[in-house]
Amino acid sequence: MSISIKILGTGCAKCKQTTAIVQEVVNENNIDATIEKIEDIMEIMQYNVLSTPVLVVNEEIKIKGRVPSKKEVEELLK
Amino acid sequence: MNLAKQICPTTTMGKIENGALIVDVRKATEVANVAFDVPNFINIRIDEMEERFTEIPNDKEIVMVCLSGERSLKTTYFLMNNGYENVFNMDGGIIKWVSKGFPTKGSVDELLNTGSCDCSQSNCC
């Protein structure tokens, strides 16, 4: 089944870095995933998180408030 | 989820006169440069909000503020998610407050040259 990945953030540099890392990991490993970038504050706050970027995998918050390393993302998406 | 209630500086001033608490979520250094000169005021920066939000009373009107209104909007939703009903976001932040001539402490010169986006100073950037 396709993995649902969401990156929450209002469009800042760290959020963009996170999206790029996730995209790279998905592409390099041929992972069946949908990547969605959530920038709307109301939508972000449905997850009740104040520190962005946030990485959500299958509706579960995995990382918040920092840019994950590529290795971390690989581990999360295995 | 309900939409956050957004208010302008003039409405905020009216609420302050009726005893509302202003919660400024900017960093202490930003507050030291220029602050709201209002009677009921506390500073809890956004990255401390999850640990400190219980310091905010939920039996009075609360107006969340920051530089431009973006960080405070997030914290408005955060308080709503935690059961606060009388919480408002002041749209436009202290930049709009100053432009309307409402009272501040400190130097507003630098503030008036700041753009409306406070992303670079927020916790996310």
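Colleague: Which pattern does chain A follow, read along the sequence?

Modeller: In this predicted model, chain A runs β-α-β-α-β-β-α. That amounts to three helices and four strands.

Colleague: And how are the strands ordered in the sheet?

Modeller: For a sheet, look at the strand order and then at the pairing sense. Here the four strands form an open sheet in the order 2-1-3-4, and the pairing is mixed. Strand 2 (33-38) and strand 4 (60-64) of chain A are the edges, each pairing on one side only. On average, neighbouring strands are turned by 20 degrees against each other, direction ignored.

Colleague: In which sense do strand 3 and strand 4 of chain A pair?

Modeller: Strand 3 (residues 54-57) pairs with strand 4 in the antiparallel sense, over four bridges. To find your place in strand 4, look at I61(A), which stands opposite V56(A).

Colleague: What does the radius of gyration of chain A agree with?

Modeller: A compact globule of 78 residues would have a radius near 12 Å, so the 11 Å of chain A agrees with that. Of the contacts in chain A with a separation of 6 or more, 66% join residues 24 or more positions apart. Buried residues make up 26% of the chain.

Colleague: How many residues does each chain bring to the contact?

Modeller: Interface size is often given as the accessible area lost when the parts come together. Counted in residues, the contact here takes 17 from chain B and 15 from chain A. Helix 4 (70-81) of chain B gives the most to the chain B side, with seven residues. By class, that side has ten nonpolar, three polar and four charged residues.

Terms used:
Residues are numbered from 1 along each chain as its sequence is written. Chains are lettered from A and ligands numbered from 1 in the order in which they are written. This is a predicted model: local features need pLDDT of at least 70, side-chain atom pairs count only at pLDDT 80 or more; totals for chains, interfaces and linings use all residues. Two strands pair if DSSP finds at least two bridges between them. Helices (H or I, at least four residues) and strands (E, at least two) are DSSP runs, numbered from the N terminus. Axes are lines fitted to C-alpha atoms, for helices over the stretch in contact, and angles run from 0 to 180 degrees between N-to-C directions. Two residues are in contact if their C-beta atoms, placed from the backbone, lie within 7 Å. Ala, Val, Leu, Ile, Met, Phe, Trp, Tyr, Cys and Pro count as nonpolar, Asp, Glu, Lys and Arg as charged, and the others, Gly among them, as polar. The radius of gyration is taken over C-alpha atoms; the globule rule is 2.2 Å times the number of residues to the power 0.38. A residue is buried if 20 or more other C-beta atoms lie within 10 Å of its own, exposed if 12 or fewer, and partly exposed in between; C-beta atoms are placed from the backbone.
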